[in-house]
Amino acid sequence: MAETVTLKGPQDYDTRFFGHPRGLATCFFTEMWERYSYYGTRALLILYMTAAVSGGGLGFSVMKAGSLYGFYTAMVYLLALPGGWVADRILGQQRAVIVGGVFIAAGNFCLASSSLTAFYTGLACLMVGTGLLKPNVSTIVGQLYGPEDKRRDAGFSIFYMGINIGAFSPLIVGWVGEEINWRLGFATSGIGMLIGVIQNLATNKYLGEAGRYPSTTGDLQRDRSEKRIGIIGMVACLGVLALFGVLASTGTIQVTAEQISNGLGWVLVVISAAVFAWMILGKGHSLEERKRAGAILVLFIASAIFWAVYEQAGSSLNLFAKRNTNLFFSALAPGFLHRVVPGFLAGKTYPASWFQNVQPAAVLILAPLFAWLWIRLGNREPSSPAKFSFGLLFVGLSFLVLVPAASGMNLSPYWLFGSYFLSVVGEMCLSPVGLSAMTKLAPARAMGFVMGVWFLSISIGDWLAGKAGSLFESMPLKELFGLSALVPIAAAVVLAVLVKPTKRLMAGVS
């Protein structure tokens with residue numbers, strides 16, 4: 001086995017990509033194509049599962065589809081935790097990204113099959129692949145900058161623009177899936193990920209040493225012991241899952257999608273408790289690392305609440321767009337603006353999945369403004385906890401504005417436009433800031449792991465968003481949307497009160 005080395009930072013002050021390191025472009029386009037695949041598939045998933053079999057769908061109930069959607073999106077981010085560890089201790093971030101991309105492409109092509117077994121296999125491949133790719137490409141971005149490099153937050157904002165360019169994929173994937181063939185839509189997502197893998201292989205020389213090798217604690221015996229225990233644990237988990245799958249497929253045990261989803265919820269609680277117990281109370285951590293782990297916990301809870309609301313874009317709001325919203329092109333230009341709608345669009349509708357493009361469009365508008373704003377504010381720039389509080393407030397408002405229209409039918413699409421815009425204002429205050437904060441708060445020996453912890457918070461949020469989607473038919477929408485507004489707004493108030501204590505726990509990290 002090749003000897004492991006400590007991860008190295010940037011070798012010089014590289015400004016070849018719009019004033020940032022050239023390697024940022026490699027990460028930018030890798031993440032762009034991964035998000036193209038993810039958001040394209042996500043836009044179709046719950047619609048495909050609930051579509052009638054006669055229309056090429058799976059014919060699942062909303063309860064089952066929402067539970068599966070939440071399970072899939074939660075596992076995608078939950079597996080970022082072992083994915084970060086695998087990169088830290090075995091592969092290095094660069095190799096983990098490539099392997100993850102191959103799994104993602106394979107998963108989408110499995111979804112393109114007519115076999116139900118291939119459908120579930122495809123979801124499994126997508127979970128594993130995203131768990132390997134997603135946390136580690138973000139970690140590489142952080143390693144492109146030195147500890148005192150002021151460009152880091154702005155760099156993550158640029159990186160975040162790549163995410164949201166890729167998130168425009170429902171324009172293509174959604175249209176192909178809804179208007180031509182569901183399975184061809186999934187294949188389109190797979191092709192996008194293949195392009196991303198090829199691009200990364202062609203340009204990863206610009207990443208230098210960032211994420212090239214596994215990290216080391218400096219104690220070779222300890223490294224080997226941790227690696228051995230980790231591999232045994234992962235093999236055991238995979239074995240249990242495989243056995244469970246065989247028993248369920250043969251009818252030996254009877255389980256429902258709802259039961260599996262509920263079980264995952266408990267697993268997420270247990271894992272979160274275990275992770276933070278180890279980070280705060282475990283041996284071998286300095287006092288500063290324990291304090292920073294406390295700060296990560298505060299941001300973790302805020303993040304989980306935020307994504308539980310935001311990620312309903314792919315569950316409850318996707319169904320709301322399909323069932324409650326006027327999808328005629330003429331509704332986009334009401335009243336006196338009808339004359340500007342081209343004649344050939346008269347009487348025609350657009351895919352409900354196209355609403356998934358509103359958020360990335362808003363990000364492309366707002367990301368450079370926020371990147372400029374944080375630099376412009378200088379010493380007056382809000383701290384990370386304060387930005388998180390603003391993020392929670394705006395995502396709560398995004399659902400509050402929908403409450404008056406919640407029980408209506410054939411509604412104007414501008415209700416969703418306004419909601420999505422407010423959610424993106426919140427996103428700009430929380431998501432890129434959270435990515436940046438994790439790379440600054442994480443110990444150098446566990447950067448991939450801590451990035452996995454960040455994605456664990458998103459996993460919990462996605463699971464909750466799936467649960468919300470499963471309630472779309474059984475709970476009055478005014479109550480569902482009202483609750484989705486109340487919880488993050490209340491959390492924003494609590495976090496605002498905790499800003500100063502959290503800053504003290506961050507031990508000098510802003």
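This report walks through the confidence, the nonpolar cores, the salt bridges and two surface features of the structure above.

**Confidence**

Keep in mind that this is a predicted model. The mean pLDDT of the protein is 85, and 90% of the residues reach at least 70. One stretch to read with care is residues 1–9, where the pLDDT falls below 50. Even so, that stretch has 20 contacts in the model beyond its near neighbours in sequence.

**The nonpolar cores**

Let us begin inside the protein. As general background, nonpolar side chains in soluble globular proteins tend to be buried together. Here the largest nonpolar core holds 131 residues. Within this core, the residues that touch the most other members are M49, M279, M438, V453, W454 and F481.

F481 makes a good place to zoom in on the viewer. Setting aside neighbours within four places in sequence, F481 is in contact with S316, L317, F320, F399, L402, V403 and A406. Apart from the largest core lies another one, made of five residues, and W85, V86, A87 and A96 are among them.

**Salt bridges**

Next come the charged pairs. Side chains of opposite charge can pair when their charged atoms come close. Across the whole structure, a search finds seven salt bridges. The table shows some of them.

| Salt bridge | N to O distance |
|---|---|
| E31 and K134 | 2.3 Å |
| E311 and R42 | 2.5 Å |
| E178 and K322 | 3.4 Å |

What does the pair of E31 and K134 tie together? E31 sits in helix α1 (residues 23–50) and K134 in helix α5 (residues 116–143), so this salt bridge joins parts that are 103 residues apart in sequence. Both E31 and K134 are buried.

Helix α1 also contributes R42, the partner of E311. Because E311 lies in the loop between α11 (287–310) and α12 (316–324), the pair ties together parts that are 269 residues apart in sequence. Are these two side chains buried or exposed? E311 has a relative accessibility of 2%, so it counts as buried. R42 is buried as well, with a relative accessible area of 1%.

The pair of E178 and K322 links distant parts of the chain too. E178 is in helix α7 (residues 173–180) and K322 is in helix α12, 144 residues apart. Buried means under 20% relative accessible area, and E178, at 18% relative accessibility, therefore counts as buried. Its partner K322 has a relative accessibility of 42% and so counts as partly exposed.

**At the surface**

Now for the outside. Which residues form a nonpolar patch on the surface? They are F109, I191, L194 and I195, and together they have about 340 Å² of accessible area. Helix α8 (residues 182–203) supplies the largest share of the patch, three residues. One residue in that helix is I191, which is partly exposed at a relative accessible area of 47%.

A final spot to visit is N410, found in the loop between α14 (384–400) and α15 (414–441). Its phi is near 55 degrees, a positive value in a residue other than glycine. Exposed means over 50% relative accessible area, and N410, with a relative accessible area of 53%, is therefore exposed.

How values were computed:
Residues numbered from 1 in each chain as written. Predicted model: local features only at pLDDT ≥ 70, side-chain atom pairs only at ≥ 80, totals over all residues. Heavy atoms only, no water. Patch = residues over 30% accessible without salt bridge, like charges linked within 9 Å, V, L, I, M, F, W, Y side chains within 5 Å. Areas by Shrake-Rupley, 256 points an atom, 1.4 Å probe, with all protein chains shown as cover. Salt bridge = Lys/Arg side-chain N within 4 Å of Asp/Glu carboxyl O. Helix = DSSP H or I, 4+ residues; strand = E, 2+ residues; numbered from the N terminus. Buried < 20%, exposed > 50% of the residue type's maximum accessible area, 1.4 Å probe, protein only. Core = buried A, V, L, I, M, F, W, Y, C linked by side-chain atoms within 4.5 Å. Contact = heavy atoms within 4.5 Å. pLDDT = per-residue confidence, 0-100.
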